[in-house]
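Colleague: I would like to go through the strand pairing here. Please give me the reasoning behind each label.

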Amino acid sequence: MNSACAWCGSGIAKSESDGNPDHRVSHGICLSCRDNFLAHNGIAFQEYLESIPIPILVIDNSFEILTANRKACEALGKTPAQLHRRLPGEVFECSHARLLEGCGRAIPCSGCAIRKSVIKSFENGEPQSMIPATLKFDDPDDASAVALVITTVKTRDVVILRLDHM
């Protein structure tokens with residue numbers, strides 16, 4: 001199994017290919033990204049997030065978004081203030097978040113790939129890599145859906161949600 005940094009994409013470790021078509025890549029965090037993240041070289045956390053060229057959301061254990069980088073704000077068409085302390089379903093404008101129960105509490109939310117990935121990362125500390133997710137918009141005027149690919153990584157007491165494809 002090969003290992004790659006989930007943030008910058010650089011290789012961490014390589015193993016011999018065994019010819020298996022299901023040969024997989026495990027994702028972690030390289031020393032350089034870890035050192036930056038932990039601010040060992042003096043980079044502030046938000047500045048570090050801004051240095052990542054893909055959309056990133058930081059989620060706490062109550063499932064609220066604490067912060068996001070500029071790429072995430074652009075991708076979602078929201079300002080940082082519109083993301084702060086909001087639930088992912090609200091900022092992604094998921095139809096289930098508009099139900100009376102709200103994001104995460106409606107019956108369909110139990111199958112939400114974003115929610116399940118964040119919870120798994122919080123529970124076992126393992127990254128969830130390249131997870132497909134679909135958001136449905138049941139607006140009578142727009143019956144569309146958005147396909148996402150996400151990665152989640154737990155770091156200290158938060159989970160970093162990376163939008164790999166949107």
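**Strands and partners**

Modeller: Start with one pair of residues: Val 149 stands opposite His 165 in S8. Keep in mind that this is a predicted model.

Colleague: How do you know that S7 and S8 are paired?

Modeller: A pair needs at least two bridges. Seven bridges join S7 (residues 145-155) to S8 (residues 158-165). So S7 and S8 count as paired, and they run antiparallel.

Colleague: What lies between the strands in the hairpin of S7 and S8?

Modeller: Two residues. In this hairpin, Arg 156 takes a positive phi near 55°.

Colleague: What makes S6 and S7 a pair?

Modeller: Seven bridges join S6 to S7, against a cut-off of at least two, so the pair holds. The two strands run antiparallel. Gln 128 stands opposite Thr 152 in S7.

Colleague: How do you know that S4 is paired to S5?

Modeller: Three bridges join S4 (residues 56-59) to S5. The cut-off is at least two, so S4 and S5 are paired too. They run antiparallel. The bridge partner of Val 58 is Thr 67 in S5.

Colleague: What is the order of the strands in the open sheet?

Modeller: The five strands run S5-S4-S8-S7-S6, with antiparallel pairing.

Colleague: Why are S5 and S6 said to stand at the edges?

Modeller: S5 (65-68) and S6 (128-136) each have a single partner strand, so one side of each lacks a neighbour in the sheet.

Colleague: By how many degrees are neighbouring strands turned against each other?

Modeller: By 30° on average in this sheet, direction ignored.

Definitions and conventions
Residues are numbered from 1 along each chain as its sequence is written. This is a predicted model: local features need pLDDT of at least 70, side-chain atom pairs count only at pLDDT 80 or more; totals for chains, interfaces and linings use all residues. Side-chain values use heavy atoms; hydrogens and water are left out. Helices (H or I, at least four residues) and strands (E, at least two) are DSSP runs, numbered from the N terminus. Axes are lines fitted to C-alpha atoms, for helices over the stretch in contact, and angles run from 0 to 180 degrees between N-to-C directions.
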